[in-house]
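Here is a friendly walk through one small model. Have a look at the structure below, then read on.

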Amino acid sequence: MKASELKAKSAEELNQEMAELYRAHFSLRMQISTQQSNKVDQLGKVRKDIARVKTIMSEKARQA
């Protein structure tokens, strides 16, 4: 997910994206902790995506 794609989205779409990312993060954490998955690298990618969305949301809030 690129920051330029996120900047084009509205605040509501960003909130939905954030909710999806939090669900994915939780799911990955549970799969890793129960040893159902070994995709530890995916966890870092989701965390960075969450940070990107939060950054774009704060930028939009400062502009408003």
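What follows goes from the overall layout to the core and then to the charged pairs.

This is a predicted model, in which local features need pLDDT of at least 70, side-chain atom pairs count only at pLDDT 80 or more, and totals for chains, interfaces and linings use all residues. Residues are numbered from 1 along each chain as its sequence is written, and side-chain values use heavy atoms, with hydrogens and water left out.

**How sure is the predictor?**

The score to know is pLDDT, the predictor's confidence in each residue, from 0 to 100. The protein has a mean pLDDT of 93, and 100% of its residues reach 70 or more. Confidence is lowest in helix α1 (residues 3–7), with a mean of 91, and highest in helix α2 (residues 11–33), with 96.

**Overall layout**

Going along the sequence, you meet the pattern α-α-α, so to speak a list with 3 helices and 0 strands. Helices (H or I, at least four residues) and strands (E, at least two) are DSSP runs, numbered from the N terminus.

The C-alpha trace spans about 45 × 15 × 15 Å along its principal axes. A compact globule of 64 residues would have a radius of gyration near 11 Å, but this protein comes out at 13 Å. That radius is taken over C-alpha atoms, and the globule rule is 2.2 Å times the number of residues to the power 0.38.

Helix α3 (residues 40–63) offers a neat check: at 1.5 Å a residue, its 24 residues should span 34 Å, and its end C-alpha atoms are 36 Å apart, which agrees. The expected span is 1.5 Å times one less than the number of residues in the helix.

**What's inside**

Buried residues make up 22% of the 64 residues; buried means under 20% relative accessible area, exposed over 50%, and partly exposed in between (1.4 Å probe, protein chains only). In α3, the buried ones are Leu43, Val46, Asp49, Ile50, Val53 and Ile56. They pack against α1 and α2.

The largest nonpolar core has 10 residues in all: Leu6, Leu14, Met18, Leu21, Leu28, Leu43, Val46, Ile50, Val53 and Ile56. Two or more residues of this core come from each of α2 and α3, and α3 gives the largest share, 5 residues. A nonpolar core here is a set of buried Ala, Val, Leu, Ile, Met, Phe, Trp, Tyr and Cys residues joined through side-chain atoms within 4.5 Å.

Which residues does Ile50 touch, not counting residues up to four places away in sequence? They are Met18, Leu21, Tyr22 and His25, where contact means heavy atoms within 4.5 Å.

**Charged pairs**

A search of the whole structure finds 3 salt bridges, each being a side-chain nitrogen of Lys or Arg within 4 Å of a carboxyl oxygen of Asp or Glu.

| Salt bridge | Closest N and O atoms |
|---|---|
| Glu17 with Lys9 | 3.2 Å |
| Lys45 with Asp41 | 4.0 Å |
| Asp49 with Arg52 | 2.7 Å |

Glu17 is buried at 14% relative accessibility, while Lys9 is partly exposed at 25%. Lys45 and Asp41 both sit in helix α3, 4 residues apart, about one turn of the helix. Both are partly exposed: Lys45 at 47% and Asp41 at 48%.

Asp49 and Arg52 are 3 residues apart in helix α3, so about one helical turn separates them. Asp49 is buried at 14%, and Arg52 is partly exposed at 33%. An α-helix has 3.6 residues a turn, so residues three or four places apart point the same way.
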